[in-house]
Amino acid sequence: PSENLLSILRQEFIERGAEGDQELASTVRWSGDMNIGGRPANFRVLRVKSRRLVMEGMARVTLEGTDVEALDRDGIHVKLMKPLHAVREPKWPILEANGSTTWPTGEDELHARFVTLRHLRTDMREIDIDIAIHNGGLISDWASNPSIGDEVGIIGPGGDPELPVTDGVVLAADRTGLPAIARLLESVNGEATGLIVAEAANIDELKSYLPDTTMRLAAFDRQSFHENVIREAREMSSLHTVNYAWFAGEFETAQAFRKHFKVDMGLTKHQQFSVAYWRRDVPGHTSREL
């Protein structure tokens with residue numbers, strides 16, 4: 001249905017084929033027009049227009065460029081990338097004849113993180129991305145003080161753009177997952193029942209960031225979030241029927257939630273989703289794949 005999804009399909013096909021026969025995979029050719037030797041169809045370069053804090057520990061970076069209209073379908077997450085060595089001029093990925101993507105290596109290696117498209121203003125060719133601020137992350141450090149005009153690479157989008165059900169929902173996330181919760185709430189105009197457990201200084205801060213919602217809110221600061229988030233979700237499931245549960249955040253917490261969703265809540269794989277956006281003490285870790 002789109003060049004983005006076709007690009008993802010080609011890449012997946014070649015990667016799986018190469019696991020069996022790398023030489024044969026290199027000979028694959030596709031019908032249709034392809035920008036061989038140029039950038040992949042779902043890759044674009046955007047520039048920093050502005051930056052501001054939207055809540056404690058969360059920076060909103062506004063990016064502008066061409067073809068942002070294509071980001072308004074297929075999902076809510078993109079892979080944002082910059083040179084691993086900040087002083088280097090960026091070298092961007094190249095599309096090979098077999099449909100795979102060649103990424104810069106060595107001194108030109110790119111550092112990539114998945115981020116959520118918080119807002120799209122296609123008429124103005126702008127997007128907003130909200131990035132959790134923490135010590136020691138390359139993208140986080142950049143988002144703390146980006147230069148106007150800085151170029152970044154974007155590939156995607158992907159990821160489920162809407163809630164599959166609206167009654168008996170549990171949504172939980174630390175700051176890295178808050179933009180995704182906001183997008184999920186917007187997909188149902190806030191009309192859902194259940195619980196949102198999120199990392200925020202307090203309920204007022206959480207309310208100010210999220211769209212209006214009929215779901216109950218619980219907020220915990222960074223120091224206490226990981227100790228309390230599963231307890232809150234467990235309490236909700238003991239009192240009410242849970243039809244869908246979702247978590248995004250740190251790797252170990254995501255692992256614990258997967259077990260909780262399956263064993264304690266008895267949810268099927270179609271009723272729950274738990275993903276790691278980062279891993280404690282592992283800089284640059286990302287578990288999402290488009």
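**Close-up views of a predicted model**

**View 1. Charges and overall build of the chain.** Counting side chains, there are 33 positive and 44 negative ones, and the centres of these two sets sit just 1 Å apart. Keep in mind that this is a predicted model. As for the fold, the chain has seven helices and 13 strands. Its radius of gyration is 20 Å, close to the 19 Å from the globule rule for 290 residues, so the chain is as compact as a globular protein of that length. The C-alpha trace spans about 55 × 45 × 40 Å along its principal axes. Half the story is inside: buried residues account for 50% of the 290. Of the contacts between residues at least 6 apart in sequence, 69% link residues at least 24 apart. On the outside, the accessible surface is about 14300 Å², with 47% of that belonging to carbon and sulfur atoms.

**View 2. The largest nonpolar core.** This core holds 29 residues, and the ones touching the most other members are L171, L178, I181, I196, Y209, L210 and W246. Among the elements that give two or more residues to this core are strand 1 (43-55), strand 9 (169-173), helix 5 (203-209) and strand 12 (244-250). Helix 4 chips in with the largest share, six residues. Apart from this core there is another one, of 21 residues, including A254, M265, L267 and A276.

**View 3. What surrounds Y209.** Leaving out residues up to four places away in sequence, Y209 touches V54, M55, M58, R60, R118, D130, L178, P179 and A182. Two of those names, L178 and A182, turn up again in the next view as buried residues of helix 4.

**View 4. Helix 4 and the residue after it.** Eight of the 10 residues in helix 4 (178-187) are buried, so the helix is largely enclosed by the rest of the structure. The buried ones are L178, P179, A180, I181, A182, R183, L184 and L185. After the helix comes N189, with a positive phi near 55°. N189 sits in the loop between helix 4 and strand 10, and at 66% relative accessibility this residue counts as exposed.

**View 5. Backbone oddments: R125 and the G156-P157 bond.** R125 isn't a glycine, yet its phi is positive, near 55°. You'll find R125 in the loop between strand 6 (110-121) and strand 7 (126-132); its relative accessible area is 47%, making it partly exposed. The peptide bond running from G156 to P157 is cis, with omega near 10°, and P157 belongs to strand 8 (residues 151-158).

How values were computed:
Residues numbered from 1 in each chain as written. Predicted model: local features only at pLDDT ≥ 70, side-chain atom pairs only at ≥ 80, totals over all residues. Heavy atoms only, no water. Helix = DSSP H or I, 4+ residues; strand = E, 2+ residues; numbered from the N terminus. Rg over C-alpha atoms; globule rule 2.2 N^0.38 Å. Buried < 20%, exposed > 50% of the residue type's maximum accessible area, 1.4 Å probe, protein only. Contact = heavy atoms within 4.5 Å. Areas by Shrake-Rupley, 256 points an atom, 1.4 Å probe, with all protein chains shown as cover. Lys, Arg positive; Asp, Glu negative; His and termini not counted. Charge placed at Lys NZ, Arg CZ, Asp CG, Glu CD. Core = buried A, V, L, I, M, F, W, Y, C linked by side-chain atoms within 4.5 Å.
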